[in-house]
Each structure stands twice: as C-alpha cells, then as structure tokens.
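The report below describes a single protein chain and its bound ligand, moving from the overall division of the chain to individual helices and residues. Please keep the sequence and the model at hand while reading.

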Amino acid sequence: NTLEPGHLRGQGGVAEDDVRTACEPEALKRAFLDHLLYTQGKTLEIASHNDIYLAVAYTVRDRLLRRWSHTSSRHKRHGTRTVAYLSAEFLIGPSLGNNLLNLDITDALRETLARLGIDLDELVRREVEPGLGNGGLGRLAACFMDSLATGEIPAIGYGIYYEYGIFFQTVVDGWQVENTDKWLRFGNPWAIHHPEWGVEVKLGGYTEHYTDDVGRFRVRWVPEKTVWGTPFDTPVAGYKVSTVNTLRLWRAEATEEFDFSVFNRGDYLGAVNKKVTSENLTKVLYPNDESHQGKELRLEQQYFFVACALRDMLRILEHRGLPVTEFPRAFAVQLNDTHPAIGVAELMRLLIDEYLVPWEQAWEATRATFAYTNHTLLPEALERWPLELFKSVLPRHLEIIYEINRRFLNEARIRFFGDESRVFRLSLIDESGERYVRMAHLACVGSHAINGVAELHSTLIKEQLLPDFYAMWPEKFDSVTNGVTPRRWVVLSNPGLAALATEALGDEHWIRDWPRIAGLEKHADDAAFIERWQRVKHTNKRSLAALIRDETGVVVNPDSLFDVLVKRIHEYKRQHLAVLHIVTRYHRLKTQRATDMVPRTFIFGGKAAPGYVRAKLMIKLITAVADVVNSDPEVRDLLKVVFLPNFSVSKGQCIYPAAELSEQISLAGKEASGTGNMKFAMNGALTIGTMDGANIEICQEVGAENFFAFGMSADEAQRLLRSGYYPRDLYRDDAELRAAIDLIRGGFFSRGDAGLFEPLTNDLLNEDRYMLLADYASYVECQDRVDAAYRDARQWSRMAVLNCARSGRFSSDRSIAEYARRMWHTSALPDTGHGG
Ligand code: F58
C-alpha cells in the first residue's frame, strides 16, 4: 500500500510526471527556480528568505495537486460516505516538513536545494505556523485529519480561516504579554482560495410565517444582514498514499462592497463600515480555553462556518447528482465539541424550510448525520447562550430548537412518566434562572452517537454530566480515547528515534502501523540498543538546550533530568503544584544542603487566556521562582527553572523528543483526556501523573512499574470534597508544604512584595478548588522516587523504551479507525491504481 519514493502510484507513475510534478532532483530544481521567478518575481541572487520559502512551498504544493484532484474525483465516482469533521479550530502546525514527509521527497529536495546553497532544514525550522487553535481540541482535529488521509478515508475538515490565530506570547518582566498573530502577513502558500464556491449566510432579523401559493405552511427568515463566506482549501496528504483530503476553512466577506443606500446619502465611512463589520466575523480566534463567555460575535462565528459547511455539502451532493434525502448516506458529520452544534438546527432549517422535507423525515436524516464528541466536564466551559442573544442572531433556529425540544420532552415525559424534574433537567432550554439554550443538549438530541475522549471521561459523562440523557438513550453513548499522529510527533519531531526504530524493527511499517513499535520491547535489555537510545535522547536534549538559550538566555545542563510541563495554563492543570514542588526542592537545598539531589531542569510552557488573571499570575509565579533559583549560586546546577515562551506546535516538536519526565498533574476527574501525555510517552519520556484522563490508560499500557502515579483518584477527590475539604489543615500539618507556601506568601520570590502572589496562596489555603494541597505530599514523595530511578541511567532508559514500545494504542490512526467503524460507518477508499 505504499508508494515508491516520490512516484505517483497507479496513475502512470513517472511517465505521467511532468515538469510540475516529477520528483527527480532535476525536475525539483527546475520547478523551484520557475516558482522563484514566475511566482515570486525574483532571481536567486535577490530572493529573500521568504521568497525562497514560498517558491519551495509552491513546488511541493504542485506535487500534491494532481493527487488532490484525483482523490476528489475518486470520491465523487464512488459516492462513498464522506466524513465532515466540523471544528472551530484546526491547529495544524507547520506544513512544509509534513508534506515532504508524506510525499516522500525530503531527501531529494534537500539535495537539490543544497546544490543551490539553500538549507531545506532551515526553511522547515523557520516556517511560520498557522495558530488556528487554542490547544488540545484544535490539535486533535489536526491529528485526525492526518490519520483520515493516511487511512484513505474520504474526509473534509470544515472550520474558520481566522485572520489572526492564537496570540503570540512574549514574557516581559516575568509576565505574559500578548501580541497579535498576523500569520498571513507573508502569504500562505498552502491554501487555495475558491471564491466560486462562496456561500451567503444570513444573520439576525426576524421570521415571517405565511401560506404559499399551493397552500403550504411556510416560514421565511428575513435577516438583518448577510455575509459572504468563501473557502480556503488546504491539501491534507496521507502518508505515502495517493489520497489527499481537504481542510476547508471559511473566511467572511461583505456581500456587497458598499451599502449603496448609505453611500448615496453621502456617508462614505458608514458604507464602508458594514464591510468592515462583516469581515470582523472571521478576524480573530477567541483565545479562551475551557471558559465560555457568551459573546455575540462568537455565536456568529460558529453559525457562519457551520452554515457554510452544510451549504457546501449540499452543493457536493447536487454535484454528485443525489437528492437531498441522501444527505446522511453521503456525509457523516462529526461535531468537535458543541461549537458547531448549531448545525443540528441548521440542517433541519435547510431541509424543512428550503427543501420542504417533512419534519419527521428531516429529523431522522439529521440524527443519522450527526455525532457529537464532548471534550470537557468543566461547568464553566459548557456552552449556553442567553436566549435573547440567541434569538437576535438566529431567530429561525430558536423556533426550530423550540420545536425539537417540544417533541423531545414529550418523548421524555412518556419515557420517565411522572418525573417532571427529570424533564426539566433534560430540556434544551435552561429555565432555572435567566434562560439559556444548552448547546450540549442540542448536540445530544440531534446526534446518533455521543462520545468522551478517554475511558474515565466517558464514564463521568454518563454518570455526572449527562446522566438523564444516558438514562434515555444508553445505546448512543460511546468512548473513543484520543490519539496523536506518529508521523508528526515521532517521525518529523524525532528523526533520531525514527531512524533507530526503523533499524531495530527492520522496516518502516511502524510509521503507518504504530502498534508495531512494540517490537522495540525486545531491545529494552540490549546494552548496545540502550546506548544508542540514550545518544538520541541526549542529542535532542542538546537541541532543546540551545533553543532555551536562544529564547530565554538561560543555560541549562543537558545532563540534568529534563522535567517538562507544557500545556495551556489553567488552575485545573495545576502548574502551581509543580511550583510548590520546585520551591520544596529549593528549600531543601537551602536548609539541608541536599547535595545528593539529582540535577533537574524544570521546563514550563503554555499560554494563559488573556482575561484569565489567575493563570497569568501563575506564569509570573513560575518566572519569579525561576529568577531566584537560577541566580542562586548555592543551587549550582542542581535546579534550573525555565519558562519557554509561546508554546506552539513547532515548539512542541522540539520539546517532546527532549523530555525525560512528562508532568501530567491535573486534579483527577478534570482533564478529559490530554494528548500531550501521549506525545511524551511515544518519545520515551516517563510520566509523573494523576489517575486522570488518558493518563490512566497510559499507565495501564506501559505498566505501573514504568509510570509514576500519585494523588487521589477522581472518586477519592469527589468524596473528600463532599465530606468537607479543609486545605488549611493540610498546610498546618505538613512542615515542607508550609515552608513552600510561606516562602511564596512572604514575598521571597517577589522581592518582598508579599501581596503579589496572595490571590494564589490565599486561594490554596481557603478554597483550593483543584485540591493541590491534598495531592502535595503524594506528589513530592513520588518526585523523590523519580530521583531514585533516574540515578540508574540504564534502568531509566529501559523504562523509557518500554513507554515508547507500549504506546501503540495512542496513535490517532486507532482513534480514527474506531470512529469510522462505530460512529461513521464508513471505510477506507484506497486508490487501487486502476482508475477505479
Ligand atoms: C481539550 N479541550 C481537553 N478545549 O481539555 C483535553 O483534555 C483533551 O485531550 C483535548 O481537548 C482533546 O480532546 C480543549 O482543548 C479547547 O481548547 C476549547 C477551544 C474553544 C473554546 C473552549 C475550549
């Protein structure tokens, strides 16, 4: 099923390759120089770095295009069910290296460019990545697109072409500072704009109910405004297969350049204003993770891309010559959390208002189409829209939601006879105070499948988040543990490990069949193998040390234990628990001259939502502790603390391969899954973690003896909370904990400004919602066991190899296979090479 290097399998191979698609060094050189001159308008002598990058990118894109068009005609011919993955975020990371890998032309192009004096690896390293996501959810969507293409499953990713992605983070005086991310400034060579597939989207206004000429009851939506959506298509190539799927992201434009009625009154600015307002719709990604704010523009963004996506699917359906009633057989629509859940009401609107399909039939088709993935249990992250706001943006959808609700609650009243309180809880409308539309309820009612993203998470959904829905439809509930793509997260990020794996396993099949990595296990006791493993890790650590030096000025020792905590900054993720541990170590060094301590480098990274004051203070705490610890001569190189700014996909690619200890320390029951935990394990880091999210499954797979587990279980934490949790008692009774908190409270890390960290320390002593103090002792004790284990380098590496070898379950290829079989009922459509 793999291609010959650089050749297009089954489509005539070399013979059909022309100057635009051939992959021999001569052809690549020709294509590159052509693009440099005819696309960029430069000769090599005067080309800028960006000119060269763009010419290279276009050269690579050309080589994707024929496969891309072949894929879409193949999909059209076969009419197989296409997965439409709807997500407000796709955090795809840099494209160049990934496309070269999947096309298998990295070496050929590197050689070609080197002869022209160009360093391909530097182009890859310096590529600006689109930051079109906040964190795990957006990155998961990108890993899934990779696995869908590699598995040759027909799929389109639908989302938003934000002009500004997640903000660029710098650290000034220890504080996070946000800068706009103008990622399109120098152009985006990967996407192709298709204005011809533009879609009109209505917003606001009111509805009119009337009877048409033939006596039918009809509804007309009279919008307050309309915007125009056009798609930007990015090719998503599978690994060494000819399938190239599409990521289709929508940008909003004004339907007309000027509002002529306003213009004619002489109000030029007023007329232009309307255009500006329309374009604001897709201007910026909301940078909040795990907190819902209820902003009108956000609701408009969500509706905008979902409306564009469903219209686009209808266009494709028509293009394939199929009637609208075939919709569910043509598309399986996956809702990546509730952000696209309005799609349920929108498809109903299209079917009943525009295609005049009877309600029952439309509803059956809608349910057969949608499936919903939940990504969080945190109450503040659950989307609820104030009814009035919702009505002002989507008046027709509110009517449809009322009707869905009326029918649904009637069904519930029969199913739960006499249990009105349950009916009240199930309602799509929250009426306990101010009225809201509950998007998770809409997603549940409108989907045939609902899943969590790790086993514990799925259990908690059934037992705590949506128990009434579970009672009603137990058969809808499922669990698909997340996964990550080994192409980006091992092959691209960690070429040393990839080469070692290929050599040890005898072939490259593991790249598309990650469970085969289990074959490394039999080398875990082979001294020569271990030595090579260690060399790879050390090389990766030196590269990361260089990056740290360049970005922060801090010099770290590559022989120290690299202990890493990278993810969004959030109280539930408990970065401040890691700080309490660091301060405890520091205190031990100062008071006990603990010179037998294992030298460690603590590496932090992650963004805080700009309005999340507490999270920003956590960053300041990390940097403040870093400043003191790093400059204390008594500490020498036993302790170093680094905050690496602007954590991103690119940064992750340097960090995961260099990590030895992966910190996954959320309060049990709070992290739905985590996916960083998987990237670390694949790259041979050991985990110190709570029994939360997918940590539990990682621990099961790698074996408890190769995993540093600590802290309360989700059950224990909930019981403790219910029985009365008094963090101050824990503080009083634990001398080391007291010392750590007192150092922070007393202003030791804030040059005497004792008030600075008080919001954090007071909270820990009085409320401590995320129960850091309850897990502190167990965490510190566990970290002492980490030290002991690290002293035996050989044994540590053996455990690291086992972590990698036993991470087979955590490839997104496995997740996608589960979705395809259990919720989408679709299968691969491989290119047989016979034009078939
Ligand atoms: C994350 N959610 C979960 N949300 O926290 C993590 O446990 C899980 O592994 C991951 O999803 C993938 O399933 C997450 O990243 C967001 O960033 C949302 C973005 C849009 C606004 C609300 C939060």
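Into which domains is the chain divided? In this predicted model, the chain comprises domain 1 (1–78 + 104–128), domain 2 (79–94 + 129–480) and domain 3 (486–818). Between domain 1 and domain 3, the C-alpha centres are separated by 39 Å.

**The ligand and its shell**

Where does the ligand lie with respect to domain 2 and domain 3? Since residues of the shell around the ligand are contributed both by domain 2 (79–94 + 129–480) and by domain 3 (486–818), the ligand lies between these two domains. There are 21 residues around the ligand, and those that come nearest are N134, G136, L137, A672 and S673. By character, the residues of the shell comprise six that are nonpolar, 11 that are polar and four that are charged.

**Helices**

Two helices can be set side by side by their number of residues and their span from the first C-alpha to the last.

| Helix | Residues | Number of residues | Span | Expected span |
|---|---|---|---|---|
| α10 | 296–319 | 24 residues | 34 Å | 34 Å |
| α15 | 395–415 | 21 residues | 30 Å | 30 Å |

For α10, the reach of 34 Å is close to the value expected at 1.5 Å a residue, and the helix is followed by G321, a residue whose phi is positive and near 75 degrees. For α15, the reach of 30 Å is likewise close to what is expected at 1.5 Å a residue. The buried residues of α15 are R396, H397, L398, I400, I401, I404, N405, F408 and A412.

Helix α27, which covers residues 695–702, has N695, I696, I698, C699 and V702 as its buried residues. When the helix is viewed down its axis, the buried residues of α27 are confined to an arc of 165 degrees, and they therefore line one face of the helix. Against which elements do the buried residues of α27 pack? Their partners are the helices α18 (455–465), α26 (676–682) and α33 (793–805), together with the strands β21 (661–664), β22 (686–689) and β23 (708–709). Just after α27 comes G703, which adopts a positive phi of about 95 degrees.

**Buried residues in helices and a loop**

M439 belongs to helix α17, which covers residues 439–445. This residue is buried, because 26 other C-beta atoms lie within 10 Å, where 20 or more are required. Apart from neighbours within four places in sequence, the contacts of M439 are with T338, A341, E383 and R384. Between M439 and R81, which are 358 residues apart along the chain, the C-alpha atoms are separated by 26 Å.

Q783 is part of helix α32, covering residues 772–791, and it counts as buried because it has 22 C-beta neighbours inside 10 Å. When residues up to four places away in sequence are not counted, Q783 touches H581 and I688. From Q783 to G418, a separation of 365 residues in sequence, the distance in space is 54 Å, C-alpha to C-alpha.

Is H523, in the loop between α21 (495–505) and α22 (527–552), buried or exposed? H523 is buried, with 20 other C-beta atoms within 10 Å, a count that satisfies the requirement of 20 or more. Outside its neighbours within four places in sequence, H523 is in contact with A504, F529 and V801. H523 and L505, at 18 residues apart in sequence, are 9.8 Å apart in space, C-alpha to C-alpha.

**Positive phi outside glycine, and an exposed helical residue**

K240, in the loop between β9 (225–237) and β10 (244–254), is a residue other than glycine with a positive phi, near 50 degrees. K240 counts as buried because 20 C-beta neighbours lie inside 10 Å. R751, found in the loop between α30 (735–745) and α31 (758–766), is a residue other than glycine whose phi is positive, near 45 degrees. In contrast to the buried K240, R751 is exposed, with 10 other C-beta atoms within 10 Å.

R732, placed in helix α29 (residues 727–733), counts as exposed because it has 12 C-beta neighbours inside 10 Å, and the limit for exposure is 12 or fewer. R732 and L765 are 33 residues apart in sequence, and their C-alpha atoms are 9.7 Å apart in space.

Terms used. Residues numbered from 1 in each chain as written. Predicted model: local features only at pLDDT ≥ 70, side-chain atom pairs only at ≥ 80, totals over all residues. Helix = DSSP H or I, 4+ residues; strand = E, 2+ residues; numbered from the N terminus. Expected span 1.5 Å × (residues − 1). Near = placed C-beta within 6 Å. Nonpolar A, V, L, I, M, F, W, Y, C, P; charged D, E, K, R; others polar. Domains from an automatic or database assignment. Arc of directions from axis to C-beta. Contact = placed C-beta atoms within 7 Å.
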